[in-house]
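Grab a pencil and work through these exercises with the model open beside you. Try each task before you read its solution.

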Amino acid sequence: MNDSRLPGRAAIVTAVVAGSLALAAPAFAHVEVASETARALAVNATVTFTAEAESSTAGLAEFRVVLPEGITPADVTLADAPQGWTLAVTADGYTVGGPALPQGKDAVYRITVKQLPDARQLVFKTLETYGDGHIDRWIELPEGGTEPQHPAPTLKLAAAAPGATPIGTPSAAPPSVGASATSASVTSAAAAPAPSGAPGVTASPGTASTASGGGGSSSAGLAVGAAVVVALAAGGAWLWRSRRAAAGS
């Protein structure tokens, strides 16, 4: 066997192995997201974003993030960021930024989310802006098992803890106005003096029932209501007869 062929063969094997590894290795996510409470329905979860500085001419200055479904801009507050950086709410997410960092310095900031949604993963599409205006768009999602060149930061979530529920769930409907309030208003109206010259007061069945407490649940209430109606009717009849007698004389 000719030993002179060995170096050539070794070089070919090395190149094939290197090429295979390069194809198998996923693209590095230059904006990464992580959380110690990466669990569905976790409350007041702190989420950390780390961005690798890649520009050779300028430093990182701002991030614009589109929030995943289930998190609203009002649910997010800034927990930590480089000095001078602030958070501003947008229609579909937020921006966080400030004075540009030194060239080559990675950016790390943290947000607090009121509650993580009940999901398996959260995608935070991010636009990364440098001090010179250059923008990197980390918004791509995997397709067909292939890792994109500019992947969006994605946070995997564990299943919700037993008993965890979404906060802010609508409470039971407030109780309707009680029968006592209606009964009081109707009783007051029934007790008002009859108009002058009226031949009498005729109580409808609904009036008697309502005046007794909204349904006749108490026999004492029925008796009192009936007595009031009878008294009013008698008083009206007496007044009417008196006026007729006076007119005749």
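**Exercise 1: How far can you trust the model?**

Task: find the mean pLDDT of the protein, and what share of its residues reach 70 or more.

Solution. The mean pLDDT (the predictor's confidence in each residue, from 0 to 100) is 75, and 56% of the residues reach 70 or more. Next, look at residues 171-192: pLDDT is below 50 there, and the stretch has 14 contacts (heavy atoms within 4.5 Å) beyond near neighbours in sequence. Residues 194-218 are also below 50, with 29 such contacts in the model. Where pLDDT is low, don't read the predicted coordinates in detail.

A word on the ground rules: this is a predicted model, where local features need pLDDT of at least 70, side-chain atom pairs count only at pLDDT 80 or more, and totals for chains, interfaces and linings use all residues. Residues are numbered from 1 along each chain as its sequence is written, and side-chain values use heavy atoms, leaving out hydrogens and water.

**Exercise 2: Into the core**

Task: work out which residues touch the most other members of the largest nonpolar core.

Solution. A nonpolar core is a set of buried Ala, Val, Leu, Ile, Met, Phe, Trp, Tyr and Cys residues joined through side-chain atoms within 4.5 Å. Buried means under 20% relative accessible area, exposed over 50%, and partly exposed in between (1.4 Å probe, protein chains only). The largest core here has 31 residues, and Tyr-94 and Phe-124 touch the most other members. Several strands (DSSP E runs of at least two residues, numbered from the N terminus) each supply at least two core residues, among them strand 2 (43-51) and strand 7 (107-115). Now zoom in on Tyr-94: not counting residues up to four places away in sequence, its partners include Phe-49, Phe-63, Leu-87 and Ile-111.

**Exercise 3: Two residues in one loop**

Task: decide whether Thr-90 is buried or exposed, and do likewise for Asp-92.

Solution. Start with location: Thr-90 lies in the loop between strand 5 and strand 6, and Asp-92 is found there too. Thr-90 counts as buried because its relative accessibility is 19%. Asp-92 has 33%, so it counts as partly exposed.

Then check the surroundings. A polar atom of the Thr-90 side chain lies 3.0 Å from the backbone nitrogen of Gly-93. Beyond four places in sequence, Thr-90 is in contact with Arg-64, Pro-73 and Thr-95. Asp-92 touches Arg-64, Val-65, Val-66, Leu-67 and Pro-73, with the same neighbours-in-sequence cut. Finally, Asp-92 and Val-66 are 26 residues apart in sequence, yet 5.6 Å apart in space, C-alpha to C-alpha.

Terms used:
Helices (H or I, at least four residues) and strands (E, at least two) are DSSP runs, numbered from the N terminus. A polar contact is a pair of N or O atoms within 3.5 Å; within protein, one must be able to donate a hydrogen and the other to accept it, and residues adjacent in sequence count only if both atoms are side-chain atoms.
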